[in-house]
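The exercises that follow are meant to be worked through with the sequence and the structure side by side. Each task is followed by a solution that goes step by step.

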Amino acid sequence: MEVEVKKRTASVNVVKIKGEIDLYQSSFLRQKLSAYVDDRPTHLIINLKDVDYIDSSGLAVFIEAFQKLRTKKKQIVLCALQKRIQEILSLARLNEILTVADTEQHAARFIK
Amino acid sequence: MTTSLPDRQEQLSNLEAAQEASKIFNALTDRDHVASFFLDMGCRLLKARSGQLFRLEQGKLQEEASTVVAQKAAPKISDPETQFLKKIFKNARPDILALKKQWLLALPLVVRSQIWAVAAFRLTEAPEKKEAIYTGMALADPAASAIKNIEFYQEKLRAQRMATIGQTISILSHEMKNRLGVLLGHAFLMNRRLNKKEWAAAQRSWSGLHEGLHELQEYVLNLLSMTRERQTVMKKTNLNQLMQKTVKEFQVKAKKKGLRLTAQLPKHPIQVSIDVSGLTSVLQNLIGNAIEACDKKKQSIQVKLAQDKEKNLHVFVKDTGPGMPPEVQNKIFNLFFTTKGHKGTGLGLVICEKIIKEHGGHMQCHSAVGKGTQFEIFLPSHLITH
């Protein structure tokens, strides 16, 4: 799994993830996100275009980031989800908790 | 009452979502995140305006966590609602309180036959009681287990930490007591000899006192280097020369014990960027240990430097001494473990390992009783400078 973080604006970072987010990769992802969630919290757009698998440990990383950022009045928006990932999110009804957008541009509009 | 097909589908979808949520509860590492996520999910699946988690402390309800949907703050709990929630703490059964077109669903969070919290969801519409309770408990049960698991795990970690601290204090006090005892002995003798004007004898006590203080200082400095982050100063150096020099320093000591100490180094110089004083003290420690371990004349110690295909460096310190049984080998990198009785501190190898790890390498030990011991230091190729 590869994680690339790019600054979009002064208060928004885009996290592009490539590969599978499973039990073995999720702690690496948690650690990578920690800089933007714990140390210097910013709004986050998570681009999942190149992610074709995610399990509960990966979803937990996003839920955790969502909870932490919420207390700091920051948002997290998932975008460009593959069909399979969309199905997983709606089965778990997480699309009702996490904000989901079609594209990065679309995601940016959700951030207030 | 029969359930219509869309209702049935919604119920199934709720249960599927609850099942997925329970997997996420188990993957979360913070109890507050589990509580908060449980309330978030509860609000969505139960169509609730708000969700609150209460604990009962000395007969009073205490809010632990809350979540709201399209509202600013969690609503206040009225007196009849408080009585209702307290009843749930008593009988540990989920229930719904209907008051003036308001519905409060209360779910007990039970783990190992003990109720530790009650979740209260304020529903937006009149619920189908059985279904709402069924869906709610499908979320509440795994959430309660997950929170309790995290609490048990943290409690276990705390207990282990306390045990380690206790053990460390006990070992350190014992060590200090012994060393101070020796110093006091020297001081006492010196005092007596000075009073008797036995100058030569007083001089001997003074030397003993001085030596003891020096050892104590070294012990404390070693302890400090264990607990503090060491300042590693990476410097370009010729590793062959460093090893040759260190081996040379120990030749006299080895000869005195009738041991053969040799160095086998590559012909071409290997230039590396390392913490010179750190690596020197690792080599000194290993060679010193090997000399002390050898108990018969003509036993040998070999210090060797080799490179593998990936250019990684391997430093070996091998002796033909008595070797160590597996139960000793397993503990040699443990803090305060020593085989040298009162002469050892159990710090040397722990510090060595720390220094090697600071270089991105690692240490290994192979030993067989009656055959000898070999320490191997692995140093990654990126330390090599050309």
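**Exercise 1.** In this predicted model, is the crossing in which α6(B) passes α7(B) left-handed or right-handed?

*Solution.* Begin by finding helix α6 of chain B at residues 239–256 and helix α7 of chain B at residues 276–293, whose axes lie 10 Å apart and meet at an angle of about 30°. Viewed as a pair, α6(B) passes α7(B) in a right-handed crossing. Next, look for the residues that make the contact, which include L242(B), V247(B) and F250(B) from α6(B), and L279(B), L283(B) and I287(B) from α7(B). Sorted by class, the contact of these two helices has 10 nonpolar, three polar and one charged residues.

**Exercise 2.** Find the residues with the most contacts inside the largest nonpolar core, and state which helix gives that core its largest share.

*Solution.* The largest nonpolar core has 76 residues, and those with the most contacts inside it are I46(A), V118(B), A119(B) and A143(B). Its largest share, nine residues, comes from helix α2 of chain B, residues 31–46. Apart from this core lies another, of 34 residues, with V282(B) and I377(B) among them.

**Exercise 3.** Describe the side of chain B that touches chain A.

*Solution.* Start with the counts: 14 residues of chain B are in contact with 12 residues of chain A. Then turn to the elements, where α1 (5–27) and α2 of chain B are those that give two or more residues to this side, and α1(B) gives the most, with seven residues. Finally, sort the residues of this side of chain B by class, which yields seven nonpolar, two polar and five charged.

Terms used
Residues are numbered from 1 along each chain as its sequence is written. Chains are lettered from A and ligands numbered from 1 in the order in which they are written. This is a predicted model: local features need pLDDT of at least 70, side-chain atom pairs count only at pLDDT 80 or more; totals for chains, interfaces and linings use all residues. Axes are lines fitted to C-alpha atoms, for helices over the stretch in contact, and angles run from 0 to 180 degrees between N-to-C directions. Helices (H or I, at least four residues) and strands (E, at least two) are DSSP runs, numbered from the N terminus. A crossing is left-handed if the near helix is turned anticlockwise from the far one by less than a right angle, and right-handed if clockwise. Two residues are in contact if their C-beta atoms, placed from the backbone, lie within 7 Å. Ala, Val, Leu, Ile, Met, Phe, Trp, Tyr, Cys and Pro count as nonpolar, Asp, Glu, Lys and Arg as charged, and the others, Gly among them, as polar. A nonpolar core is a set of buried Ala, Val, Leu, Ile, Met, Phe, Trp, Tyr and Cys residues joined through C-beta atoms within 7 Å. A residue is buried if 20 or more other C-beta atoms lie within 10 Å of its own, exposed if 12 or fewer, and partly exposed in between; C-beta atoms are placed from the backbone.
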